[in-house]
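Student: I should like to take a close look at a single part of this model, the largest pocket. Which residues line the largest pocket, and how do the helices around that region pack?

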Amino acid sequence: MRLFFNLLGNISKLISGLVFICGLIMLSLAVVDLIHTIMITFEQTENKPAKMAVGLLQTVDFVLLSIVFFIFSIGITLLFKHETEEKAKLLTELPKWLQIKSLTELKIILWEAILTTFIITYIGDLALHKIIKNEPFSLAQLILPGAILILALSLYFLKKGE
């Protein structure tokens, strides 16, 4: 049985590392997007402020998505780590909101981060379609706000029930 738990711990470390690498990749995409947005300031294009705003919103979206990956990586590490002095020290060094002690706490933190990411994604997409592409508002653009509302209500009732 001890061998099984050691194997499970090693697999969780591997998954945590891969998720952390995904977060780094998303963060590097945010840097590339930010550089692209800065380059827009030197171009002679029409609607420059709108393009810069959309670029910055997309950069923030990538950063928030990378934060989701980082939180998930830290959560996996903390949840599957043996109770040692190293884990206790790590818990005290983390901010209070990131001191994850159960799967439910990890779920709620990720839920909140994903909701924030969805909101920024929707605002960026709305700005892209309405301001830059000058497309009319469609009914399909209400799908994401509806999903955000359902997720936010679910999170509200989950927290209220605790």
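Tutor: A pocket is defined on a 1 Å grid over the protein atoms alone: where a cavity is a set of points where a 1.4 Å probe fits but cannot get out, a pocket is an open set with protein on both sides within 12 Å along at least five of seven lines, and lining residues have an atom within 4 Å of a point. The model is predicted, so local features need pLDDT of at least 70 and side-chain atom pairs count only at pLDDT 80 or more, while totals for chains, interfaces and linings use all residues. Residues are numbered from 1 along each chain as its sequence is written, and side-chain values use heavy atoms, with hydrogens and water left out.

The lining of the largest pocket consists of Phe5, Asn6, Gly9, Asn10, Ser12, Lys13, Ser16, Ile76, Thr77, Phe80, Lys81 and His82. The space in this pocket is about 200 Å³, a volume being the space filled by probe spheres set on the points, with grid points joined across faces, edges and corners. Of the lining residues, 3 are nonpolar, 7 polar and 2 charged (Ala, Val, Leu, Ile, Met, Phe, Trp, Tyr, Cys and Pro count as nonpolar, Asp, Glu, Lys and Arg as charged, and the others, Gly among them, as polar).

Two helices, α1 (2–40) and α2 (48–79), each supply at least two residues of this lining; helices are DSSP runs of H or I with at least four residues, numbered from the N terminus. The largest share, 7 residues, comes from α1.

These two helices also pack against each other. The axes of α1 and α2 are 8 Å apart, at an angle of about 170 degrees; axes are lines fitted to C-alpha atoms over the stretch in contact, and angles run from 0 to 180 degrees between N-to-C directions. Therefore α1 is roughly antiparallel to α2, a term for angles over 145 degrees. The crossing of α1 and α2 is left-handed, meaning that the near helix is turned anticlockwise from the far one by less than a right angle. Their contact (heavy atoms within 4.5 Å) has 20 nonpolar, 10 polar and 3 charged residues.

Helix α2 packs with a further helix, α4 (residues 103–132): their axes come within 9 Å and cross at roughly 165 degrees. Therefore α2 is roughly antiparallel to α4. The crossing of α2 and α4 is left-handed, and the residues of their contact divide into 23 nonpolar, 5 polar and 2 charged.

Conventions. Parallel < 35°, antiparallel > 145°, perpendicular 65-115°, else oblique.
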